[in-house]
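Subject: Structure handover and notes

Dear colleague,

I am passing on the structure we spoke about, together with the notes I made while going through it. Please read them with the model open beside you.

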Amino acid sequence: MEVWKDIPGYEGQYQASTLGNIRSLGRKITQIGNGGHEFTRAIKGRLLRPGCSKYDAHLRVALGRKTKKYAGSYLVHQLVALTFLGPRPEGMDIRHLDGNVQNNAVTNLCYGTRTENILDVYYTGRAWRKLTLQQAQDIKTRAQAGESTRALAQEYGVTQEHVCSIKAGDTYRWL
């Protein structure tokens, strides 16, 4: 049975469900028009359709008005965990117990250490990262030597942005 509860900080506007869904609630908002006069308009509530994160398979939804590229964009598992498990303890990760980052049901989420989070993925037979450390090192070396990021991305099955982030040291910093 799906249970809905207000997302902390968005009470009366957005709710998360025990099955990992996010919805907006019907509400009336007051705005200021071009002539400087206030008016009220109704917003219909609806189930939000999540999109995939750019670098991994985590699901995201936008809450509120987006003014910047990622402003107002939240990971669904973080919203569900905050709503049903409470605030995340400092230094803890949100774990997906079955290793599937798209299964955001509250029964699949819990707080735990980074090590426990990584082990959840390995226990289910998945890899923590798409690239091995050797592949990431090869990409970094070849990209810094001037090889095309597009060619490297195609060869390793990752995005050009991922290659650039490896080259710049934003990911795999220790290499």
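Two strands are taken to pair here if DSSP finds at least two bridges between them. Please also bear in mind that this is a predicted model.

The sheet and the helix on it

With that meaning of pairing, 4 strands form an open sheet in the order S1-S2-S3-S6, and the pairing is antiparallel. Its edge strands are S1 (4-6) and S6 (46-47), each of which pairs on one side only. Within the sheet, strand S2 (residues 14-17) and strand S3 (residues 22-24) run antiparallel and are joined by 3 bridges, and Ala16 has Ile22 in S3 as its bridge partner. Helix H1 (residues 76-85) packs on this sheet, where it touches S1, S2 and S3, and its direction makes about 90 degrees with that of S2. The buried residues of H1 are Val76, His77, Leu79, Val80, Ala81 and Thr83, and just after the helix Gly86 takes a positive phi of about 95 degrees.

A hairpin

Strand S4 (residues 27-32) and strand S5 (residues 38-43) pair in the antiparallel sense over 6 bridges, with Glu38 in S5 as the bridge partner of Ile32. The hairpin they make has 5 residues between the strands, and in it Gly36 has a positive phi near 90 degrees.

The nonpolar cores

Which residues touch the most other members of the largest nonpolar core? That core has 17 residues, and the ones in question are Ile7, Ile22, Val61, Leu63 and Val80. At least two of the core residues are supplied by each of S2, strand S8 (59-62), H1 and strand S11 (109-112), and H1 gives the most, with 4 residues. Ile22, already met as the partner of Ala16, is in contact with Trp4, Ile7, Gln15, Ala16, Leu47, Leu48, Val61, Leu63, Val76, Leu79 and Val80, if its neighbours within four places in sequence are left aside. Apart from this core lies another, of 11 residues, among them Leu131, Ala143, Leu152 and Val163.

Helix H4

Leu152, one of the residues of that other core, is found in helix H4 (residues 149-156), where Thr149, Leu152, Ala153 and Tyr156 are buried. Seen down the axis of H4, these buried residues fall within an arc of 100 degrees, and they therefore line one face of the helix. The face turned away from the buried side carries the exposed residues Arg150 and Gln154, whereas the buried residues pack against helix H3 (133-144) and helix H5 (160-168). At the start of H4, a side-chain oxygen of Ser148 reaches to within 3.2 Å of the backbone nitrogen of Arg150, and after the helix comes Gly157, whose phi is positive, near 70 degrees.

Three residues looked at singly

His96 belongs to strand S10 (residues 93-96). Its relative accessibility is 4%, and because buried means under 20%, His96 counts as buried. Not counting residues up to four places away in sequence, His96 touches His58, His77, Val101, Asn103, Asn104, Asn108, Leu109, Asn117 and Asp120.

Asn108, one of those contacts of His96, has its place in the loop between S10 and S11 and is buried, with a relative accessible area of 5%. A polar atom of the Asn108 side chain lies 2.9 Å from the backbone nitrogen of Asp98. With neighbours within four places in sequence left aside, Asn108 is in contact with Arg95, His96, Leu97, Asp98, Asn100 and Asn103.

Is Arg88, in the loop between H1 and S10, buried or partly exposed? At 45% relative accessibility, Arg88 counts as partly exposed. A polar atom of the Arg88 side chain lies 3.5 Å from the backbone oxygen of Met92. Beyond its neighbours within four places in sequence, Arg88 is in contact with Gln78, Asp93, Ile94 and Tyr111. Of these contacts, Tyr111 is 23 residues from Arg88 in sequence, while the two are 6.9 Å apart in space, C-alpha to C-alpha.

With best regards

Note on methods. Residues numbered from 1 in each chain as written. Predicted model: local features only at pLDDT ≥ 70, side-chain atom pairs only at ≥ 80, totals over all residues. Heavy atoms only, no water. Buried < 20%, exposed > 50% of the residue type's maximum accessible area, 1.4 Å probe, protein only. Arc of directions from axis to C-beta. Contact = heavy atoms within 4.5 Å. Polar contact = N/O pair within 3.5 Å; in protein donor to acceptor, adjacent residues only side chain to side chain. Axes fitted to C-alpha atoms, helices over the stretch in contact; angles between N-to-C directions. Core = buried A, V, L, I, M, F, W, Y, C linked by side-chain atoms within 4.5 Å.
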